[in-house]
Amino acid sequence: MRVEVRGASLGFGKRIVFEGLDADFPDGKVTALVGPSGSGKSSLLAAMAGYINLKAGTITGVDERGSVPLDASMVAWVPQGSNALGGRTALENVMIGSLADGARWSQAKRDALHALDQVGLSDLAHKVARSLSGGELQRVNFARALATHKPLVFADEPSASLDATNTRRVAELLFELRSRATIIVATHDPLLVEAAEHEINLRQDVLHAA
Ligand SMILES: Nc1ncnc2c1ncn2[C@@H]1O[C@H](COP(=O)(O)OP(=O)(O)OP(=O)(O)O)[C@@H](O)[C@H]1O
């Protein structure tokens, strides 16, 4: 699914965060959403998922069936840091996402194994989460999101709690996930920006309030 943002203005109360944003997030690509702290990256992701309303403008998802306003049911979020259950295996932690969405156990397991393969963690599927590194846990987070088959995957600062080595691993993962899903990553990290195929810069692309 491609996402089209047109004439978007966003603010809280009287404070305008940005105005007049036009942006395209291409289907099946990794897009880095960049901009200085406070430029509205997290808020734009929240608006795209339908959690907050724009002051003006539209956010539309476009696929082969046509155009629809986006809502939370279309989005899988990759959390900042890990929210894995430490005593459960990587596989079980990935299955949780699909099971919560109502998938049957056998289907959830198949999807989770496939997603773990996509993020390069097949060998660690049966390891308990507490024995995995920060970068491996972030891969588990991405696998959980991919396994739900939502058309959009949003990650807000996925390297925020990682050291340099694990940040590199997440950057490698983003590079590997090119063309596997429509992924939007809000980040300050140059390594992650470099790994993405497309970039939206909130400072350059929109008119900010003074
Ligand atoms: N719920 C809210 N109520 C009021 N103001 C908010 C709310 N959420 C965000 N803001 C303000 O909107 C602006 C944009 O915040 P946002 O978190 O979207 O920026 P960001 O680009 O993601 O920043 P960072 O890179 O620091 O995470 C900030 O000035 C912030 O204080």
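**Around the ligand, and a helix pair**

Reader: Which residues surround the ligand, and which are the closest?

Author: The ligand is surrounded by 13 residues, the closest being Ser-37, Lys-41, Ser-42, Ser-43 and His-188. A residue counts as near if one of its heavy atoms lies within 4 Å of the molecule. This is a predicted model, where local features need pLDDT of at least 70, side-chain atom pairs count only at pLDDT 80 or more, and totals for chains, interfaces and linings use all residues. Residues are numbered from 1 along each chain as its sequence is written, and side-chain values use heavy atoms, with hydrogens and water left out.

Reader: What makes the Lys-41 pair with an oxygen atom of the ligand a polar contact?

Author: A polar contact is a pair of N or O atoms within 3.5 Å. A polar side-chain atom of Lys-41 lies 2.7 Å from a ligand oxygen atom, so the pair qualifies. Arg-15 also has a polar side-chain atom 3.4 Å from an oxygen atom of the ligand, while Gly-40 places a backbone N or O atom 3.0 Å from one.

Reader: How much of the ligand does the protein bury?

Author: Taken alone, the ligand exposes 640 Å², and the protein buries 58% of that; these accessible areas come from the Shrake-Rupley method with a 1.4 Å probe.

Reader: How do you know that residues of α2 meet residues of α4?

Author: Contact means heavy atoms within 4.5 Å. By that rule Ala-90, Asn-93, Val-94, Gly-97 and Ser-98 in α2 meet Val-140, Ala-143, Arg-144 and Ala-147 in α4.

Definitions and conventions
Helix = DSSP H or I, 4+ residues; strand = E, 2+ residues; numbered from the N terminus. Polar contact = N/O pair within 3.5 Å; in protein donor to acceptor, adjacent residues only side chain to side chain.
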